[in-house]
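Reader: I have a protein model open and would like to work through it with you. Can we take it piece by piece?

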Amino acid sequence: MDLADLYRDVIIDHNRNPRNFRRLSPPCRHAEGLNPLCGDKLQVYLRLDDDDRIEDVSFEGSGCAISVASASLMTEALRGRTKAEAEALFQRIHAMLTGSEQADISAIGKLAALAGVRAYPTRVKCASLCWHTVHSALDEGGIVSTE
Ligand code: ZN
């Protein structure tokens with residue numbers, strides 16, 4: 001199995017069995033993300049503890065395989081991270097997806113499975129939607145749209 005197959009399997013797995021696919025009970029932060037181009041619509045919920053560490057994070061919604069798999073992978077990657085660490089990871093993923101700079105993907109684990117969408121500009125919005133949404137939830141919440 002080569003790396004491309006492995007990455008595809010990760011995306012298929014997380015699309016079929018999304019992790020943390022549920023609503024958090026309040027109190028929690030919440031934001032909604034829309035990608036009208038594809039029809040992806042995500043709700044992201046998170047709860048910070050007293051040290052600004054992400055105690056729990058989850059999502060709900062519907063969308064294409066890339067958007068759901070990306071959100072599932074994201075929730076796994078963010079639990080236990082501080083707000084600052086989450087923002088740093090957001091920047092790193094954004095760099096990886098847009099190829100705007102030499103992205104260091106050595107330290108992002110399974111999230112590297114999304115690197116392949118870089119070659120498909122319309123899919124980049126699908127993969128980054130959950131990240132923009134969690135960014136908004138960490139900030140003050142609300143609705144974010146890719147368009
Ligand atoms: Zn999509």
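Reader: Where does Pro 27 lie?
Author: This is a predicted model. A cis peptide bond joins Pro 26 and Pro 27, with omega about 5°. As for its place, Pro 27 lies in the loop between helix H1 (3–16) and S1.

Reader: Which residue in the loop between H1 and S1 has a positive phi, although it is other than glycine?
Author: Look for a phi near 60°. The residue has 15% relative accessibility, so it counts as buried. Its place is in the loop between H1 and S1, and it is Asn 20.

Reader: Is Asp 52 buried, partly exposed or exposed?
Author: Asp 52 sits in the loop between S2 and strand S3 (54–62). Its phi is positive, about 60°, although Asp 52 is not a glycine. Buried means under 20% relative accessible area, and exposed means over 50%. At 37%, Asp 52 therefore counts as partly exposed.

Reader: Which residues coordinate the zinc ion?
Author: The donors follow the spacing C-x1-D-x23-C-x61-C along the chain. Their distances to the zinc ion are 2.2 to 2.7 Å. Asp 40 is listed with OD twice, and the cysteines each give SG. The residues are Cys 38, Asp 40, Cys 64 and Cys 126.

Reader: How many residues apart in sequence are the parts that Cys 38 and Cys 126 tie together?
Author: Cys 38 is in the loop between strand S1 (29–35) and strand S2 (40–48). Cys 126 is in helix H4 (residues 121–139). So the pair ties together parts whose separation in sequence is 88 residues.

Reader: Which of these is buried, Cys 38 or Cys 126?
Author: The cut-off for buried is under 20% relative accessible area. Cys 38 has 34%, so it is partly exposed. The other cysteine has 0%, so the buried one is Cys 126.

Reader: How far apart are the end C-alpha atoms of helix H2, and what span should we expect?
Author: Helix H2 covers residues 65–78, which is 14 residues. At 1.5 Å a residue, H2 should span 20 Å. The expected span agrees with the model, because the end C-alpha atoms are apart by 20 Å.

Reader: How many residues of H2 are buried?
Author: H2 is mostly covered. Among its buried residues are Ile 66, Val 68, Leu 73 and Met 74. Of its 14 residues, the number buried is twelve.

Reader: Which residue with a positive phi follows H2?
Author: Its phi is near 90°. The residue that follows H2 is Gly 80.

Note on methods. Residues are numbered from 1 along each chain as its sequence is written. This is a predicted model: local features need pLDDT of at least 70, side-chain atom pairs count only at pLDDT 80 or more; totals for chains, interfaces and linings use all residues. Side-chain values use heavy atoms; hydrogens and water are left out. Helices (H or I, at least four residues) and strands (E, at least two) are DSSP runs, numbered from the N terminus. The expected span of a helix is 1.5 Å times one less than its number of residues. Buried means under 20% relative accessible area, exposed over 50%, partly exposed in between (1.4 Å probe, protein chains only). Donors are N, O and S atoms within 2.8 Å of the metal (3.2 Å for Na, K and Ca); water is not among the atoms, so sites may look incomplete.
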